[in-house]
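Hi,

Here is the structure I promised to pass on. Have a look at it first, and my notes follow underneath.

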Amino acid sequence: MAVRAILFVCLGNICRSPTAEAVMRARLAAAGRDIAVDSAGTGAWHVGKPPHPPMIAAAAEYDLVPLRARQVVPGDADRFDLILAADRSVLADLGTMLAAGRARVDVLAPYAGGAVQDIPDPYYTGDYAGALALIEAACDGLMARLD
Ligand code: 4NP
């Protein structure tokens, strides 16, 4: 996959997608790859806020602290080559929120290589470590798929 810019999307942009952004940024930096990453939420509740403190704590080895939530905008479809949703519900919402554009829109979890389609939302499950582990596995799988 030839991609220059990747957007991760979840519901609130304070748990799953900022974690994916920070993990992928770390993986890309370690590999010396010049690919832009960003994250956004389908919802607007937390716009301007940092990631949720328990998510920051669980992912303390990654740089989540400077991130701020934003909402998806229609034009994201043209600013990114690949847009990856945290679950199938987010993927469905993206179908109505994004303009027609060049981005390929997909779910993130299957990049981990298993049967899992959705990253369970730790905001509701409380399993921040489990979400991080799945996000790390998916980012590793995504790295292996990049040209
Ligand atoms: P996220 O988790 O989508 O992984 O950022 C959520 C955080 C907040 C809310 C929903 C999901 N909320 O409804 O406030």
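To start with a small puzzle: where is the place of D118? D118 sits in the loop between β4 (104-107) and α5. Bear in mind throughout that this is a predicted model.

A bit more on that residue. D118 has a relative accessibility of 26%, so it counts as partly exposed; buried would need under 20%. Its side chain makes a polar contact of 2.8 Å with the side chain of R88. Setting aside residues up to four places away in sequence, D118 touches A86, D87, R88, A109 and L134. As for the chain start, M1 is 117 residues away from D118 along the chain, and their C-alpha atoms are separated by 22 Å.

L134, from that contact list, brings us to helix α6, where L134 is one of the buried residues. The others listed there are Y128, A131, L132, I135, E136, A138, C139, G141, L142 and M143. What do the buried residues of α6 pack against? They pack against β1 (5-10), α1 (16-30), α2 (53-58), β3 (82-85) and α5 (122-125). At the start of α6, a side-chain oxygen of D127 comes to within 2.8 Å of the backbone nitrogen of G130. I also checked the length of the helix: α6 has 18 residues (128-145), and at 1.5 Å a residue they should span 26 Å; the end C-alpha atoms are 26 Å apart, so the two agree.

Helix α1 holds another residue to click on, E21. Is E21 buried or exposed? E21 counts as buried, because its relative accessibility is 4% and the cut-off is under 20%. Leaving out neighbours within four places in sequence, E21 is in contact with F8, V37, D38, S39 and L67.

Now the ligand, which may be the part you want to open in your viewer. The residues around the ligand are C10, L11, G12, N13, I14, C15, R16, W45, H46, D121, Y123 and Y124. By class, that shell has seven nonpolar, three polar and two charged residues. Several contacts involve oxygen atoms of the ligand:

- L11: a polar backbone atom is 2.8 Å from a ligand oxygen.
- C15: a backbone N or O atom lies 2.9 Å from a ligand oxygen.
- R16: a polar side-chain atom lies 2.8 Å from a ligand oxygen.

Taken alone, the ligand exposes 350 Å², and the protein buries 93% of that.

Cheers

Definitions and conventions:
Residues numbered from 1 in each chain as written. Predicted model: local features only at pLDDT ≥ 70, side-chain atom pairs only at ≥ 80, totals over all residues. Heavy atoms only, no water. Near = heavy atom within 4 Å. Polar contact = N/O pair within 3.5 Å; in protein donor to acceptor, adjacent residues only side chain to side chain. Areas by Shrake-Rupley, 256 points an atom, 1.4 Å probe, with all protein chains shown as cover. Nonpolar A, V, L, I, M, F, W, Y, C, P; charged D, E, K, R; others polar. Helix = DSSP H or I, 4+ residues; strand = E, 2+ residues; numbered from the N terminus. Expected span 1.5 Å × (residues − 1). Buried < 20%, exposed > 50% of the residue type's maximum accessible area, 1.4 Å probe, protein only. Contact = heavy atoms within 4.5 Å.
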